[in-house]
Structures are given as C-alpha cells and as structure tokens.
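Here's a quick briefing to read alongside the model. We'll start with a single residue and then step back to the whole chain.

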Amino acid sequence: MEQPFIDFLRFCLHEDDKLPDSAKDIDWTKLLEFGRKQSITGVLFHGIKRLTAKDPHPSPRELAQWGVENQQIADDNRQVYQDAYRLTSWLYKETGIKGVVLKGQANALLYPDKFSRMSGDIDLWTTADPVELILWAQKHDPESAIDYHHVSFEVLPTIAELHFVPSFMGNLFYEWRLRKYFKEAKDEQFRRIVQLPEGLGKICVLQPDFDCIFQLTHLMHHFFFEGIGFRQLIDFYYLLSRGFTDKQKADILRRIKWLNMSKFTAAVMYIMYDVLGIDKDRLLCEPNEKVGKLFLREVLKAGNFGFYDERYSFRGMSVYTQYFLEIYRNLHFALYFPSETIWGRPVSRWWHMFYKAWLRHKVSKAKKNIRH
C-alpha cells in the first residue's frame, strides 16, 4: 500500500524525474497522513506543486488542505530560524559562549525549499562546559531539565536543547571514542557562519564531514532508542547530495569503522540509493540490502521518532518499564548489532542515570558557591 507513496517521495526529491506510473493509485488524503506520520508533508507538497493538469493530482478540497498545512510549516520555519538566531546571539552577548546549530534548522538550509522541512526543537552545541551551560539555562529557565547530553531551555517560542555533546552511542567503549572525536574536531565547528533566508539572521552550522558523522550517530541512536522516520533520512539525503571528495569519503569511512558503525551506515546507504534514489557516486559505501530492508520496515512502521509504533509505546511508562521494553525491542536487532543491543544500551542506561545525578550534584554545589 505504501509503495506508491515511496515512489512519489522519490519524485519529490528529484526535480527532473518523471511522475511515476504508480501515482495513479495514490489516495491523496492517505498520502497526507503518510506525510504527517513521517513528518515530511512539506517535502511531499514540494512535489505536488510540480504536477500538471494532466497528471493525477489532489482535488481542490484536498489541495486546500495540503496548502494550509504547507503554509503552517513555512510559518513554523520562520519562527524557528528566528529563534535559532536569537538564542545563539543572546548566549554569546551575555556570556561569550558560542553555539553551533545541530540538525534541525541547519538541515532545513540544505533543502531546495528552505521552508519545506517540518521544524522541531532547536539543538545547540556550545563551547561551554556542562555546569556553566546548565547554570546559564537555569538562570533564565528555572525548570530546565538536565539530561545525559543536554539541558532543556523553554524561554523562546521554540523549545531548545543546549548540548554538552552533539550525540552519543549506546556502547560505552565506542562512545568514549566518539567523545574523543568530538573533542578533537570541536574548535573547527564554530567557524562556519551562514545567512538565514529572508534576512532572518545568521547561525553557525557544522562542517559537512563532521556533520556526516554526527548525523549518522544521531540516526543510530534514535533507531535503537525509539525509532526513526523519513524526515531524518531526508536530512541525511540532502547532506550526502552535496557531495564529498574521495579523500573526505575515505576519512569519513575510516572514522565510521573506528566507531563500529559500518553495518549501520551500509543499511542507511540502502535507503539513500534504493529507496530515495541518490546518485551512486554520492554514497559513502556499498549498500547492505538485507539490513537496509529491515531498516526500511522499521521506518515505515514506526514513523517519526517512533511516535506511530503500536508495538512499542513508551508513553506513560515508568523509567524502569521503558528500560526493559527498550531491551526487548532491541533484541530484534541483536543479530546484526550486538555491540549496541546486547553489550551497549542495557549497560549504558545505568551509566546515564549516574552521570545525570553527578551533574545535578555539581550544579547544586556551584550554585551554593555563587550564593556565598
């Protein structure tokens, strides 16, 4: 049932492609539901705008509904672009701390239509140490919650997450390696300033090779934690579409192997090539069809961040119930990814709990020192 939707998505990503024959079978209302599930409604509407009068297309009533949602997506993008600029400027002017925008609006800038990506939170990685960043966040938002790799910040219209590190691995040994890489490459990530569309300001974004590694770790984390949808995969599609030199690819692949992400990356390459139709010379490595098809099944079932996965719903569960449900879910992938599912996440979740408690203690101690 979803194959015509996937065919149409591929058409939406390729400006010169012909409309697939399967478009005649599309139920446009159900396609809209698919777009909501995957958080890619704006991308699909970008393709709908290319349809001619002779092509299968939505009815005027359906088209109006698509148009309303697309306008909301564009308005949301303007707000989040503006808030990303305001947040980074505010933080720097008040403290001298620099920030680089991760994924989100940085990815939106890679799209042909800079207002077509469905926006989410602002993720900002900074030059500050964790305690310094938490103190600043809680000064302006006393309810800021401390997580393993970020602190929440809900002062602006858009919710933000201020990151200590960009991402993390389930296996602690490979996370140690990942953190080492982040530390080595950190200084370079705060130098690439880009202008936002419509004069909405400017933000700092990651260097493309670093961004490639980061986004793969982000995809991997969410695949094993709750699920991943097409929005994040399309983000990565547009990053890869910009192209890397042979030397850059070799360096990225060396790092991927060092982080034990080769098989996962090959599965992502299957989605990039066989599903989304990226040019083969843009791939980082040969696709793995077997694991890639497993990945695709999970994407179609789970939707954006696993919100539509009826098999594993974490909502309303205690932390410990979620922990055992996550282990059970990940055992389905243990044959292909034992490092993450067996030796990794069941252990690292406990480490996360202790680390967050240690951070809270450090922050509490710092606040007492400030008062005295």
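His163 sits in strand β4, which covers residues 160-163. This is a predicted model, so take the distances below as computed from it.

**Around His163**

- Is His163 buried or exposed? Its relative accessibility is just 2%, and since anything under 20% counts as buried, His163 is buried.
- The side chain of His163 makes a polar contact of 2.9 Å with the side chain of Asp123.
- That His163 side chain also reaches a backbone atom, the oxygen of Val165, at 3.1 Å.
- Not counting neighbours within four places in sequence, His163 is in contact with Leu102, Leu124, Trp125, Thr126 and Leu133, along with Asp123 and two other histidines, His149 and His150.

**Fold and overall shape**

- The chain has 15 helices and six strands.
- Its radius of gyration is 21 Å, close to the 21 Å that the globule rule gives for 372 residues, so the chain is as compact as a globular protein of that length.
- Along its principal axes, the C-alpha trace spans about 75 × 50 × 45 Å.

**Packing and contacts**

- Buried residues account for 55% of the 372 in the chain.
- Take the contacts between residues at least 6 apart in sequence: 70% of them link residues at least 24 apart.

**Surface and charge**

- About 17,500 Å² of the chain is exposed, with 53% of that coming from carbon and sulfur atoms.
- The chain carries 52 positive and 47 negative charges, and their mean positions lie 5 Å apart.

Notes
Residues numbered from 1 in each chain as written. Predicted model: local features only at pLDDT ≥ 70, side-chain atom pairs only at ≥ 80, totals over all residues. Heavy atoms only, no water. Helix = DSSP H or I, 4+ residues; strand = E, 2+ residues; numbered from the N terminus. Rg over C-alpha atoms; globule rule 2.2 N^0.38 Å. Buried < 20%, exposed > 50% of the residue type's maximum accessible area, 1.4 Å probe, protein only. Contact = heavy atoms within 4.5 Å. Areas by Shrake-Rupley, 256 points an atom, 1.4 Å probe, with all protein chains shown as cover. Lys, Arg positive; Asp, Glu negative; His and termini not counted. Charge placed at Lys NZ, Arg CZ, Asp CG, Glu CD. Polar contact = N/O pair within 3.5 Å; in protein donor to acceptor, adjacent residues only side chain to side chain.
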